[in-house]
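The following exercises are to be worked with the sequence and the structure in view. Each task is followed by a solution in steps.

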Amino acid sequence: MDKLRVMFLCTGNSCRSQMAEGWARALGGDDIEVKSAGIEAYGQNKNAIAVMSEVGIDISEQESIRVNGEMLEWADLLVTLCDNAEEQCPLLSPHTIKVHLPLPDPAKMKGSEDKVSAEFRETREKVRQRVEFVLEQVALDDAV
């Protein structure tokens with residue numbers, strides 16, 4: 001069986017989709033290929049890198065990139081992680097399945113460093129849950 005190609009998409013490809021790419025690489029093993037992108041490219045977010053590092057996942061070498069048609073053509077499964085990405089997503093190839101699993105953007109959290117870090121940790125765990133859900137669905141499809 002060919003590897004499933006999964007693309008995670010959010011607005012700026014700096015937090016949620018970057019975390020999802022990291023989780024999918026860590027949890028998906030050799031069964032999937034993973035990329036992430038954004039409607040825009042906002043660069044890496046130091047808080048996202050820090051909270052992923054806390055669970056042993058290094059996303060510091062991932063790039064924040066803007067989605068393009070070639071990437072969308074590559075993907076077998078596109079997972080949008082915010083409403084903006086869902087609404088702004090370009091047309092997909094007929095073979096690409098799209099799943100919408102939105103989350104609030106932790107980068108918009110204001111307040112103390114502790115409050116912001118807590119929001120990023122909560123988002124990290126919600127992203128992990130979504131990635132696990134996607135991987136479970138893929139495993140169910142393979143079993144049928």
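**Exercise 1: Aspartate 76**

In this predicted model, aspartate 76 touches Lys3, Leu4, Arg5, His95, Thr96 and Ile97, residues up to four places away in sequence being left out of account.

Task: Determine where aspartate 76 lies and whether it counts as buried or exposed.

Solution. Begin with the location: aspartate 76 is in the loop between helix H3 (69–74) and strand S3 (77–80). Next, consider its accessibility. The relative accessibility of aspartate 76 is 18%, and buried means under 20%; aspartate 76 therefore counts as buried. Finally, take one of its contacts, isoleucine 97. The two residues are 21 residues apart along the chain, while their C-alpha atoms are separated by 6.2 Å.

**Exercise 2: The span and burial of helix H1**

Task: Compare the expected span of helix H1 (residues 16–28) with the distance between its end C-alpha atoms, and state how many of its residues are buried.

Solution. At 1.5 Å a residue, the 13 residues of H1 should span 18 Å; the end C-alpha atoms are 17 Å apart, which agrees. As to burial, ten of the 13 residues are buried, and H1 is thus mostly covered. Among them are Arg16, Met19, Trp23 and Gly28. Just after H1, glycine 29 has a positive phi of about 60 degrees.

**Exercise 3: The packing of H1 and H2**

Task: Describe how H1 and helix H2 (residues 46–54) pack.

Solution. The angle is about 25 degrees, and the axes are 10 Å apart. Angles under 35 degrees count as roughly parallel, so H1 and H2 are roughly parallel to each other. The crossing is right-handed. Met19, Gly22 and Trp23 in H1 meet Ala48, Val51 and Met52 in H2. The residues of this contact comprise five nonpolar, one polar and no charged.

Conventions: Residues are numbered from 1 along each chain as its sequence is written. This is a predicted model: local features need pLDDT of at least 70, side-chain atom pairs count only at pLDDT 80 or more; totals for chains, interfaces and linings use all residues. Side-chain values use heavy atoms; hydrogens and water are left out. Helices (H or I, at least four residues) and strands (E, at least two) are DSSP runs, numbered from the N terminus. The expected span of a helix is 1.5 Å times one less than its number of residues. Buried means under 20% relative accessible area, exposed over 50%, partly exposed in between (1.4 Å probe, protein chains only). Axes are lines fitted to C-alpha atoms, for helices over the stretch in contact, and angles run from 0 to 180 degrees between N-to-C directions. Angles under 35 degrees count as roughly parallel, over 145 as roughly antiparallel, 65 to 115 as roughly perpendicular and the rest as oblique. A crossing is left-handed if the near helix is turned anticlockwise from the far one by less than a right angle, and right-handed if clockwise. Contact means heavy atoms within 4.5 Å. Ala, Val, Leu, Ile, Met, Phe, Trp, Tyr, Cys and Pro count as nonpolar, Asp, Glu, Lys and Arg as charged, and the others, Gly among them, as polar.
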